[in-house]
Amino acid sequence: MKGRNMTRWRDPAKDPRQEPKSNLITAEGAERLRGILDHLSRVKRPALSTKVGEAAALGDRSENADYTYNKKELNRVIARIRYLTKRLDELTVVDRLPADTERVFFGAFVTLEDEEGEELAIRIVGHDETDTTKHWISVDAPLAKALLGKGLDDEATVAAPGGETTYLITDIAYRDPQT
């Protein structure tokens, strides 16, 4: 049987997509998700509903590409609204600094130095706010797990595709969520 719903079988015990994700998020990340949800609910969904209604009024829906496209887009937006509503209820907002700001915890801006002396600046954030362009990594990522709880000048070893890499923590900083 062929079709778009056929996928490769994966052992659930070894599938990384089945690992539980942490439900932590920064205050600014939660605010961004609420903004997206608000935009989809107040702007995008009503506009698409209007377009679908106008296209349906034109007659034969089976040959109406405008109706078909806007209906699919409306269903996608409704699914996204449903997902965001559910996800925001599950999340725990971390809106204060850790007690020990000399160690790496959730929300930390960390500067690392690898064995070749190259620097890497990252931030440890929740799964929903990872951004590779800003070097924001998930708290569930192997590098973040290796860094959590470590202090300044500590080393962290991470298994990478090219072999193990050791990083030296050269700076730890936090942004106060109250400001």
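This briefing covers a five-stranded sheet and helix 1. The model is predicted. Its sheet is open, with five strands in mixed pairing. Helix 1 spans residues 27-57 and has a kink centred on Leu-40.

**Sheet**

- The strand order across the open sheet is 5-4-3-7-6.
- Strand 5 (136-138) and strand 6 (155-160) form the edges, each pairing on one side only.
- From one strand to the next, the twist averages 45°.

**Strands 3 and 4**

- Strand 3, residues 109-113, pairs with strand 4, residues 119-125, in the antiparallel sense.
- Five bridges make up this pairing.
- Glu-113 has Glu-119 of strand 4 opposite it.

**Helix 1: length and bend**

- Helix 1 contains 31 residues, and the distance from its first C-alpha to its last is 44 Å.
- That span is close to the 45 Å expected at 1.5 Å a residue.
- The kink in helix 1 amounts to about 40°, with Leu-40 at its centre.
- Gly-59 follows helix 1 and has a positive phi, near 125°.

**Helix 1: buried residues**

- Buried positions in helix 1 include the leucines Leu-33, Leu-37, Leu-40 and Leu-48.
- Leu-40 is thus named twice, as the centre of the kink and as a buried residue.
- Gly-29, Ala-30, Val-52, Ala-55 and Ala-56 of helix 1 are also buried.
- The elements covering the buried residues of helix 1 include strand 1 (24-26), helix 2 (65-90) and strand 2 (92-94).

Methods. Residues are numbered from 1 along each chain as its sequence is written. This is a predicted model: local features need pLDDT of at least 70, side-chain atom pairs count only at pLDDT 80 or more; totals for chains, interfaces and linings use all residues. Side-chain values use heavy atoms; hydrogens and water are left out. Two strands pair if DSSP finds at least two bridges between them. Helices (H or I, at least four residues) and strands (E, at least two) are DSSP runs, numbered from the N terminus. Axes are lines fitted to C-alpha atoms, for helices over the stretch in contact, and angles run from 0 to 180 degrees between N-to-C directions. The expected span of a helix is 1.5 Å times one less than its number of residues. The bend at a residue is the angle between axes fitted to the seven residues ending there and the seven starting there. Buried means under 20% relative accessible area, exposed over 50%, partly exposed in between (1.4 Å probe, protein chains only). Contact means heavy atoms within 4.5 Å.
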